[in-house]
Amino acid sequence: MADTVLYEVSDGLATITLNRPEAMNAMNIATKVAFRDAARAAAADEAVRAILLTAAGDRAFCVGQDLKEHIGLLASDKQSGSGQTMSTVREHYNPIVRALTGAAKPVVAAVNGVAAGAGFGFALAADYRIVADTAAFNTSFAGVALTADSGISWTLPRVIGPSRAADLLLFPRSITAQEAYEWGIANRVVPAAELRAEALKVARSLAEGPTVAYAALKESLAHGLSHTLDETLEKEDELQARAGASEDHSIAVQAFVNKEKPKYLGR
């Protein structure tokens, strides 16, 4: 895995760190491949019970596509007629978003700075976003004559509503961490100096929690957004039966009776 993305698993927590601070963690090909592979590895590893998505440096979480590399690739495409450059959405961005949203475990994003374009989309693909008070979000796509990718046309309107999403996509602008909190993009806003400690605290707490129940909650929320009430009630019945059959549920009930803190096994 390229050193532009760092991957570490410790005590059930997988930490994926975007590691191109000198380029504001922009996505060049090597970074996209490494990020995709790390996200897939974390999602598939049964020993991983939570995922923390972070970024190096203090200026940016991720500013999306590396436009310096991109312009050269576009020039090569024109010469060869291959059209390969824009296949990055299918080959890289879509698999990253699918891995994060489809992971049967909670995903926390620690947004340390600017999250723009695909970087904004990756943050929205997480289940929980902890944001530094110095951070900002920008859709950016229309500013470089592109349409939405990285799932943002699905996630953003579900978080802030279709009208606000259309506004941000048609007229890209930076929104502050406070605005992001008020609109529901950020779950928590913390001083920049406290971001890493707070994100680790939250992610470790989730890694020690009832993993089967968390996976069911993710599935239930995603299902409910696109199904009727009756269909959602059926899904809740199915998922509750699954959670109720887990070892963690038995542990939780016994701990409640004994007035103890449960020690979950993640199964």
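**Exercise 1.** Decide whether Glu219 is buried, partly exposed or exposed in this predicted model, and then find the partner with which Glu219 forms a salt bridge.

*Solution.* The first step is to take the relative accessible area of Glu219, which is 29%. Because buried means under 20% and exposed means over 50%, with partly exposed in between, Glu219 is classed as partly exposed. The second step is to look for the partner, which turns out to be Lys235, with the closest N and O atoms 3.2 Å apart. The third step is to place the two residues along the chain: Glu219 lies in helix α9 (residues 211–224) and Lys235 in helix α10 (residues 229–244), so that this pair, 16 residues apart, links distant parts of the chain. The last step concerns the cover of the partner, and here Lys235 has a relative accessible area of 14% and is therefore buried.

**Exercise 2.** Determine which residue of helix α10 lies three residues from Lys235 and forms a salt bridge with Lys235, and work out which network these residues belong to.

*Solution.* The residue sought is Glu238, whose salt bridge with Lys235 has its closest N and O atoms 3.4 Å apart. Because Glu238 and Lys235 are three residues apart in helix α10, about one helical turn separates them. Glu238 itself is partly exposed, its relative accessible area being 38%. Following the salt bridges that share partners then joins Glu219, Lys235, Glu238 and Arg242 into one network.

**Exercise 3.** Examine the salt bridge between Glu179 and Arg173, state how exposed each of the two residues is, and say how many salt bridges a search of the whole structure finds.

*Solution.* Side chains of opposite charge can pair when their charged atoms come close. For Glu179 and Arg173, the N to O distance is 3.5 Å, and this satisfies the salt-bridge cut-off of within 4 Å. Turning to accessibility, Glu179 has a relative accessible area of 22% and is partly exposed, while Arg173, at 34%, also counts as partly exposed. The search of the whole structure finds ten salt bridges.

**Exercise 4.** Identify the residues that gather in a patch of negative charge on the surface, and characterise Glu231 by its helix and its accessibility.

*Solution.* The patch of negative charge brings together Asp230, Glu231, Glu234 and Asp237. Of these, Glu231 is found in helix α10, and with a relative accessible area of 38% Glu231 is partly exposed.

Terms used:
Residues are numbered from 1 along each chain as its sequence is written. This is a predicted model: local features need pLDDT of at least 70, side-chain atom pairs count only at pLDDT 80 or more; totals for chains, interfaces and linings use all residues. Side-chain values use heavy atoms; hydrogens and water are left out. A salt bridge is a side-chain nitrogen of Lys or Arg within 4 Å of a carboxyl oxygen of Asp or Glu. Buried means under 20% relative accessible area, exposed over 50%, partly exposed in between (1.4 Å probe, protein chains only). Helices (H or I, at least four residues) and strands (E, at least two) are DSSP runs, numbered from the N terminus. Patches are made of residues with over 30% relative accessible area and no salt bridge: like charges are joined within 9 Å, nonpolar side chains (Val, Leu, Ile, Met, Phe, Trp, Tyr) within 5 Å. Accessible areas come from the Shrake-Rupley method with a 1.4 Å probe; for residues, only the protein chains shown count as cover. Lys and Arg count as positive and Asp and Glu as negative; His and the chain ends are not counted. The place of a charge is taken as NZ of Lys, CZ of Arg, CG of Asp or CD of Glu.
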